[in-house]
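Open the model in a viewer and keep the selection tool at hand. The stops below say what to select next and what is there.

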Amino acid sequence: MNGILSLCLVWLAILPFGYYLQAIHGEVQLLTHRQSIDKLIAEAKTPEKLRQQLQLVQQLRQFAMNELKLPVDGDYDKYVEVHRKYVVWDVQAAPEFSLQPKAWRYPFVGSLEYRGYFSEKSANDYGKGLAKKGFDVYVDGVDAYSTLGWFKDPLLSTFIDNTEAELAELLFHELAHKRIFAAGDTDFNEAYATTVGQEGARLWLRSRGETSLLEQYNAAIQRDDEFVHLVMDARALLEKVYGDMVGKDGSVTAARTPPGPPAELRREKQRVFDDLRHQYEELKTKWGGYSGYDDWFARDLNNAKLNTVANYYDYLPPFQRLLQQNGGDIPKFNAAVEVLSKKPFAQRHQELRSLMAAARHCGIAAAG
């Protein structure tokens, strides 16, 4: 979605030693290969395209600090060439007949719905192990992640070539995680950061007078919204197929007893996925043939894959409503979100659900 499916990973985990070791090794590799972007800009041998992108990042950092009041500090003033397409790969999982996400516990950040690796092979191997246990598994490459202030995050070659709007959204998204992070609440954190990233990118483009780019960016977000609605509608159907229980706080819990024989559930599950693919083809026709989500649909669909969309977009409408209530002022919005983040999990999510209803009333699109 706008090339950004970036999960925010922290590599301090009470997990098997091998995992802990690869996490430390991967982070150290990044930290030891950082180069000052000021020096790279000044060097004659730096490719012109890279120089221009680094100069853009300098301007985006200033905008984030001065206008959005995000904690820039020393983040993104260094650059690392990682020599691969993705910086990390994350693993998500869910039962075959439930949308309840598998969670892993981490110190300081609580329970999160993903586990990340600096090695694609390691991620795939771990995913295969989960699949053998009966889980639906989704392994995907990640362009960027935030260490939430544990380290000064560098620019990476995995995303430096993004368009101006995409780069702005990504940087503002990751910096938002440093501003506010609710331990053990993936959906809250990602929807909040997505709101800051998108609105921050809009404000940036307006400040530059980039009317054409702003129109293109808004069109891309509209396509995202329509894609998300398809996925979230499919999730709602699957919750009924599986007999999942959805709490007042929006959390999904697997039924104690499956509502039917496995063969029947598999048929119904496949029917939902087939309908989803068909609806996507209809949506592409509406878009005039735009095919930006073809790769997503080209790979197998499963419960874990659908959950990755919910992580970012389930609570996006209530956060957009909260931003609206604060006059579109991101610093004021951040202050309101910070208050919300300090409330107990259940109360926090119930308030988000109330904001969801208000968002629907005000015409803010809800993904589900």
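Select L99 first; this residue is found in the loop between β3 and β4 (104-106). The model is predicted, and everything on this tour should be read with that in mind. Is L99 buried or exposed? L99 counts as buried, because its relative accessibility is 0% and the limit for buried is under 20%.

Now show what surrounds L99. Not counting residues up to four places away in sequence, L99 touches R235, L238, E239, Y242, D244, V252, N303 and N307. Pick V252 from that set and draw a distance to L99: the C-alpha atoms are separated by 6.6 Å, although the two positions lie 153 residues apart along the chain.

**Helices α7 and α8**

Next, select α7 (residues 211-242) and helix α8 (residues 262-286). The two helices pack at an angle of about 165°, with their axes 10 Å apart. Angles over 145 degrees count as roughly antiparallel, so α7 is roughly antiparallel to α8. The crossing of α7 past α8 is right-handed.

Show the side chains where these helices meet. On the α7 side, select E226, F227, L230, V231, A234, L237, L238, V241 and Y242. Their partners in α8 are L265, E268, K269, V272, F273, L276, Q279, Y280, L283 and K286. Coloured by class, the residues of this contact divide into 14 nonpolar, 1 polar and 4 charged. L238 and Y242 have already appeared on the tour, among the residues that L99 touches.

Stay in helix α8 and select L283. At 11% relative accessibility, L283 counts as buried. Which residues is L283 in contact with, leaving aside its neighbours within four places in sequence? They are E226, F227 and L230, and these three belong to the α7 side of the helix contact. For a long distance to draw, take L283 and T147: their C-alpha atoms are separated by 37 Å, and the residues are 136 apart along the chain.

**Helices α6 and α7**

Keep α7 selected and add helix α6 (residues 186-207). At what angle do α6 and α7 pack? The angle is about 160°, and the axes are 9 Å apart. α6 and α7 are therefore roughly antiparallel to each other. Their crossing is left-handed, whereas α7 passes α8 in a right-handed crossing.

For the contact itself, select G197, Q198, A201, R202, L205 and R206 in α6. These meet L213, L214, Y217, N218 and I221 in α7. By class, the contact has 6 nonpolar, 3 polar and 2 charged residues.

**Helices α6 and α11**

Leave α6 on screen, hide α7, and select helix α11 (residues 316-325). The axes of α6 and α11 come within 9 Å and cross at roughly 50°. That angle makes the two helices oblique to each other, and α6 passes α11 in a right-handed crossing.

The α6 residues to show here are F188, A191, Y192, T194, T195, Q198 and E199. Across from them in α11 are L316, F319, Q320 and L323. The residues of this contact divide into 6 nonpolar, 4 polar and 1 charged. Q198 is also listed where α6 meets α7.

Centre on T195, whose place is in helix α6. T195 is buried, with a relative accessible area of 4%. Leaving aside neighbours within four places in sequence, T195 is in contact with L316, F319, Q320, L323 and F333.

**Two loop residues with positive phi**

Most residues other than glycine have a negative phi. Select D73, in the loop between α3 (48-66) and β2 (78-80). Phi of D73 is near 50°, a positive value in a residue other than glycine. D73 is exposed, with a relative accessible area of 51%.

Then move to H83, in the loop between β2 and β3 (88-95). H83 has a positive phi of about 60° although it is not a glycine. At 69% relative accessibility, H83 counts as exposed.

**Confidence**

Last, colour the chain by pLDDT. The average is 90, and 92% of the residues score at least 70. Over residues 1-15 the pLDDT is below 50; this stretch has 72 contacts in the model beyond near neighbours in sequence. Where pLDDT is low, the predicted coordinates should not be read in detail.

Terms used
Residues numbered from 1 in each chain as written. Predicted model: local features only at pLDDT ≥ 70, side-chain atom pairs only at ≥ 80, totals over all residues. Heavy atoms only, no water. Axes fitted to C-alpha atoms, helices over the stretch in contact; angles between N-to-C directions. Helix = DSSP H or I, 4+ residues; strand = E, 2+ residues; numbered from the N terminus. Parallel < 35°, antiparallel > 145°, perpendicular 65-115°, else oblique. Left-handed = near helix turned anticlockwise from the far one by under 90°. Contact = heavy atoms within 4.5 Å. Nonpolar A, V, L, I, M, F, W, Y, C, P; charged D, E, K, R; others polar. pLDDT = per-residue confidence, 0-100. Buried < 20%, exposed > 50% of the residue type's maximum accessible area, 1.4 Å probe, protein only.
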